[in-house]
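Thanks for sharing this one. Here are some notes on its empty spaces and helix contacts, set out as numbered points to read beside the structure.

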Amino acid sequence: MALSRRRLLQAVTTTGATAAVGLGQSALTATAAPAASAPGDVVGKVTVGYQGWFACAGDGAPVNGWWHWAQNWGQTPSPSNKAIVAWPDTRDYPATYRTAFAALGNGQPATLFSSYDQSTVDVHFRWMKQYGIDTAALQRFNPTGGEGPTRDAMAAKVRGAAEAAGVKFYVMYDVSDWTSMRTDIKTDWTAKMRAHTASPAYARQNGRPVVCIWGFGFDDNQRPFTPDACLEVVNWFKQQGCYVIGGVPTWWRTGDRDSRPGFSDVYHAFDMLSPWMVGRIGTAGDADNFYNVATVPDLAECTAHGIDYQPCVLPGGVGDRQRAHGDFMWRQFYNMGRAGVPSVYISMFDEYNEGNQIAKTAESQAWVPAGSGFLALDEDGTACSADYYLRLTGDGGRMLKGQLPVTATRPTRPVAGDGDTVPPTAPGNARVTAVSDTTVTLAWNAAGDNVGVRGYRVRTLKGSTATPVGTTGADATTFTVSGLSASTSYTFDVQALDAAGLLSPPSNQVTATTTAGSTTDNIALNRPATSSGHTQGYVAQNTVDDNANTYWESTNNAFPQWLQVDLGTATGLGRVVLTLPPATAWATRTQTVTVQGSTDGTSFSTLRPATACTFDPATGNTATLSLPTAPPTRHLRLVFTANTGWPAGQVAELRVYRA
């Protein structure tokens, strides 16, 4: 388990804040400074840190336990076995898991979500879209140990959710306790993570894929790297064509307190700097002090050196009673606004371990396990809705983008739309504007509301059942529904949502039929691939890179082993083609392969029973598996149980074709 950043860095907080006061709070005045770069996917945007590191027993995750929910992952979370300090509101999740906590105060069972469920990640990214969050930074700790396969799978799940929701994402490496980081991080990027930059949802800035490295320069034993080693890694990523963000110490500019000396060249080599702030401030007064001693001079330093600036904004710890029903967080947004900061990093989206999450949280003791000791969002006596800090983040982002005036007065109500009982009017003239084999694009006329429309919800209709498939912000009157099956008829409608959470009547219904997909296109090309394990650098992503000379090799002497690809949408499949490298050194061999399929990545059915596939270099080292009766499939898995040429599963190219 990765340790809490705040707990590890708390020791420098008091020293840093106290020493900073001596610089003088009134010595500097804020003037708006232009960013070094034009707006992109991180500049001029609101980014959230996304952990995605919660698992539950029975969810199918390779980590196989209550990952980050409990101190002992092998035992069910309980009052004596917990690793969180705040309780999530789980009402929106399609799947949850029973814990050993007592029932909630309202009598409902105490259940938790699993990040490993695709449906959970989909919910999180729909929230981001709904509440105006632009980009998610997926936290990636040392992936070479036992957590690696689960973290690999989470990257693919985040990619799928981001693509479906219309939110950007990027990889954010945390180098804490990663002794062999200098070589491992390069291998991980080239062999695994770089493949995700092919996604249209992968964040780009100045035309380059974004990657963040968090932890260089911190003065502690978890990150003992030398300046030369760190600078070499930063420059290596830039040579790969990346836009590189540095998650750096609070006092990076002065090179003291939480920063090691001698790191100035490292810090100034980054394209963007994001100084850490969790554990440094806890009140609005602290925020004002840091505005003077850190934010304003940091921004000036970055501007002078052509570096983009992405400071942290945090909601405060629930258990630490820091939030002050949103006033603490809004004061930080206000300070960023009056300083002219265009980009912010929210710490964090789903950090229930430290309690500084903005994701939906128990709003009162009615939604907290009885006797657990957890505080709820109303801990200071002010009622707050579960989504309050998502709404607050959205309003803060609008202020920084110039859509709201810069104001010290928090505009966001703790309970949305207090007193408002009038729902919006129905969106008008819903219509289909584009259709492909897997997508339908809709447009509609804006709805009206007595207070203001906050967003729109798009639904697909089947009989009497209406299922939400996406949300938009208040200014968007178009949406592309993705992940659809080819040659299939779909019916949709749209509802408006106001600040009080009231829904409008539905729009008129529209129907569209997706086009037929090509049977000659390899739909696995550059899609996220995962496996049960791999040997050395022979990773799963090699099988979808259109290069027959790279390949996947599973863990040796450990059958059965599996290889899996996420096709992005449930599709009728006709055949699977497997290849091995064409070199004659790959002698003839027969592998036994079972083909399985799933629509959710969790429950798999057999599409073709175990089949002996012979690979002969004289005939191209290729095997074809036909799937004449396969149902629509999104996640395709190949299970290997034997190989006459080597004690492992081996595939160079995995090609999948529609029926």
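1. Let me start with the lining of the second largest cavity, which by class has eight nonpolar residues, three polar ones and no charged residues. Please keep in mind throughout that this is a predicted model. The second largest cavity has a volume of about 80 Å³. Its lining residues are Met277, Ile281, Ala287, Phe290, Tyr291, Thr295, Pro311, Cys312, Gln332, Asn335 and Met336.

2. Which helices build that wall? Helix H8 (284-304) and helix H9 (327-339) each supply at least two residues of the lining of the second largest cavity. H8 gives the most, with four residues.

3. H9 also has a helix partner. The axes of H9 and H10 cross at roughly 10 degrees and come within 9 Å. That angle makes H9 roughly parallel to H10. On the H9 side the contact is made by Met329, Trp330, Phe333, Tyr334, Met336 and Gly337, and on the H10 side by Tyr389, Leu392, Thr393, Asp395, Gly396, Gly397, Met399 and Leu400. These contact residues divide into nine nonpolar, four polar and one charged. You may like to look at Met336 in particular: this residue takes part in the contact with H10 and is also listed in the lining of the second largest cavity.

4. From H10 we can move to the second largest pocket, with about 820 Å³ of space. How many residues line the second largest pocket, and which lie nearest its centre? There are 36 lining residues, and Gly394, Asp395, Arg398, Arg454 and Ala474 lie nearest the centre. H3, helix H10 (388-400) and S15 each supply at least two residues of this lining, and H10 gives the most, with five. By class, the lining has 12 nonpolar, 12 polar and 12 charged residues. Asp395 is worth a second look, as Asp395 is named both near the pocket centre and in the contact of H10 with H9.

5. The largest pocket comes next, with about 1,400 Å³ of space. Of the 47 residues that line the largest pocket, Asp122, Ser482, Gly483, Leu484 and Arg634 are the closest to its centre. Two helices, H3 (118-130) and H4 (148-165), are among the elements that each supply at least two lining residues. Strands do so as well: S15 (453-462), S16 (465-473), S17 (478-481), S18 (489-498), S22 (561-571) and S27 (633-643). The lining divides into 18 nonpolar, 20 polar and nine charged residues. H3 and S15 thus appear at this pocket and at the second largest one.

6. How do H3 and H4 pack against each other? Their axes are 9 Å apart, at an angle of about 45 degrees. That makes H3 oblique to H4. The crossing of H3 and H4 is right-handed. H3 makes the contact through Gln118, Val121, Asp122, Phe125, Arg126 and Lys129, while H4 uses Met154, Lys157, Val158, Gly160, Ala161, Ala162 and Ala165. By class, the residues of this contact divide into seven nonpolar, two polar and four charged. Asp122 links this point to the previous one: Asp122 is in the contact with H4 and among the residues closest to the centre of the largest pocket.

7. On to the enclosed spaces as a set. The count comes to seven cavities of 30 Å³ or more. The largest cavity has a volume of about 170 Å³. Its lining holds 18 residues, with Ala153, Ala156, Lys157, Thr530 and Gln564 nearest the centre. H4, strand S20 (529-531), S22 and S27 each supply at least two of the lining residues. By class, the lining has nine nonpolar, six polar and three charged residues. Lys157 of H4 is named here near the cavity centre and also in the contact with H3.

8. Lastly, there is one more helix pair to view. The axes of helix H5 (residues 181-191) and helix H6 (residues 227-239) come within 10 Å and cross at roughly 15 degrees. H5 and H6 are therefore roughly parallel to each other, and their crossing is right-handed. In H5, Met181, Arg182, Ile185, Lys186, Trp189 and Thr190 meet Asp228, Ala229, Glu232, Val233, Trp236 and Phe237 in H6. The residues of this contact divide into seven nonpolar, one polar and four charged.

How values were computed
Residues are numbered from 1 along each chain as its sequence is written. This is a predicted model: local features need pLDDT of at least 70, side-chain atom pairs count only at pLDDT 80 or more; totals for chains, interfaces and linings use all residues. Side-chain values use heavy atoms; hydrogens and water are left out. On a 1 Å grid over the protein atoms alone, a cavity is a set of points where a 1.4 Å probe fits but cannot get out, and a pocket is an open set with protein on both sides within 12 Å along at least five of seven lines; lining residues have an atom within 4 Å of a point. Grid points are joined across faces, edges and corners, and a volume is the space filled by probe spheres set on the points. Ala, Val, Leu, Ile, Met, Phe, Trp, Tyr, Cys and Pro count as nonpolar, Asp, Glu, Lys and Arg as charged, and the others, Gly among them, as polar. Axes are lines fitted to C-alpha atoms, for helices over the stretch in contact, and angles run from 0 to 180 degrees between N-to-C directions. Angles under 35 degrees count as roughly parallel, over 145 as roughly antiparallel, 65 to 115 as roughly perpendicular and the rest as oblique. A crossing is left-handed if the near helix is turned anticlockwise from the far one by less than a right angle, and right-handed if clockwise. Contact means heavy atoms within 4.5 Å.
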